[in-house]
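Pull up the model and keep the sequence beside it. We'll go through it piece by piece, with a few questions on the way.

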Amino acid sequence: MRHMKTGMLCLISVIALTACEKREKSDFSKTLKNVNVIDESNLNDIMLTVADPNEAVTYFQKASREDPERLDLQRGLGQSLLRAKRATEAGVIWAKITKHPEATNDDRISYANALIRQGEWKKAEKVLNQIPPTFETFERYRLEAIIADTNKDWKKADSFYETAVGLTTTPGSVLNNWGFSKLTRGDYDEAERLFGEAITYDPSLFTAKNNMVLARGARKNYTLPIIQVTQTERAQLLHTMALTAIKQGDVEAGKTLLEEAIETHPQHFEAAIRSLRTLES
């Protein structure tokens, strides 16, 4: 009887131990899975921000093939293709995403962005029109402004640009776009003001600096604005100013600016040298 009781106790202990081991293994598997999800999430973020765009495309293409039901991986692929300047491929991916039952208005905005980069303005406009007006984001109004610009609907463009600026803490690029819109309309004073404002938000935005020079040059003001520039940037801006002067018939002023650009550049400034030789010949 004593042996039977001892045997029963041993059997119960073995069963209890086995159950504990299974529970521990199950808990460990869950923990490991959670860790893998966290690691994957971090890797996805890295791929979408600092990784080489084409490497990110390869990563998300592989991940999407392995798990085609994952909408977040499809979005990652679409975003990576846009970063890699492969707008046509991105458009195909975003079109597919927008047909998914769980598609969001942000997905539709990303699709419109891809269409704009392909030059599909009317199609992009239709996509944006499907989004309720109550859905207000910086990216939505940035794209609306670009489309209004293309349609030469200046009143709408200005309204959309103004709204977009108010919806972001880093409006440098959209202020630059707004300034370029004013530049194409011939409103050079306002264009220069907007370019200057863009530079205050992002002093590294060379495009805005170059556009500011174009706005000044269009008014035959051939002096560089007082802005923070490197020596190389200064030479490039002088070159831009020189070409602007020459196109407006102020050849001597252009020649002087080209010579100054060549002298200013810390290295061999081939573009300016070539422009000067062409002018002299």
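## A greasy spot on the outside

In which helix is the place of I46? I46 sits in helix α1, the run covering residues 2-49. Before going further, bear in mind that what you're looking at is a predicted model.

I46 teams up with L43 and V50 to make a nonpolar surface patch of about 270 Å². I46 itself is partly exposed, at a relative accessible area of 43%. That fits its place in the patch, because residues must have over 30% relative accessible area to be counted there.

## A84, tucked into a loop

Now jump to A84, found in the loop that links α3 (71-83) and α4 (87-98). Is A84 buried or exposed? With 17% relative accessibility, A84 counts as buried, because the cut-off for buried is under 20%.

Which residues does A84 touch, leaving out those up to four places away in sequence? The answer is P53, N54 and V57. A84 also has its C-alpha 8.7 Å from that of A56, although the two positions lie 28 residues apart along the chain.

## Salt bridges around α2

Searching the whole structure turns up 18 salt bridges. One of the pairs to click on is E66 with K62, whose side chains meet at 2.6 Å, N to O. Why can these two pair up along one helix? Both belong to helix α2 (residues 53-66), and being four residues apart puts them about one helical turn from each other. In general, an α-helix has 3.6 residues a turn, so residues three or four places apart point the same way. E66 is exposed, with a relative accessible area of 57%, while K62 is partly exposed at 47%.

Another pair is R70 and D67, which form a salt bridge with an N to O distance of 3.8 Å. That still counts, because the limit is 4 Å. Here R70 is partly exposed at 24% relative accessibility, and D67 is partly exposed as well, with a relative accessible area of 32%.

## The annotated repeat

In the UniProt record, an unreviewed entry, residues 172-205 carry the annotation "repeat: TPR". Over that stretch the chain is 82% helix and 0% strand. The C-alpha atoms at the two ends of the stretch are 8 Å apart.

## Helix α11 and its cover

Next comes helix α11, which has 13 residues (206-218). From first C-alpha to last, α11 reaches 18 Å, close to the 18 Å expected at 1.5 Å a residue. Just after α11, K220 takes a positive phi of about 60 degrees.

Which residues of α11 are buried? They are A208, K209, N210, N211, M212, V213, A215, R216 and G217. What covers the buried residues of α11 includes α9 (172-185), α10 (188-201) and α12 (231-247).

One link between α11 and α12 is easy to find: the side chains of K209 and E233 meet in a salt bridge at 3.1 Å, N to O. E233 lies in helix α12 and K209 in helix α11, so this pair ties together parts that are 24 residues apart in sequence. Both E233 and K209 are buried. Elsewhere, D189, E192, R216 and R219 are joined into one network by salt bridges that share partners.

Note on methods
Residues numbered from 1 in each chain as written. Predicted model: local features only at pLDDT ≥ 70, side-chain atom pairs only at ≥ 80, totals over all residues. Heavy atoms only, no water. UniProt positions renumbered as here; feature names shortened; annotations may be inferred. Patch = residues over 30% accessible without salt bridge, like charges linked within 9 Å, V, L, I, M, F, W, Y side chains within 5 Å. Areas by Shrake-Rupley, 256 points an atom, 1.4 Å probe, with all protein chains shown as cover. Buried < 20%, exposed > 50% of the residue type's maximum accessible area, 1.4 Å probe, protein only. Expected span 1.5 Å × (residues − 1). Contact = heavy atoms within 4.5 Å.
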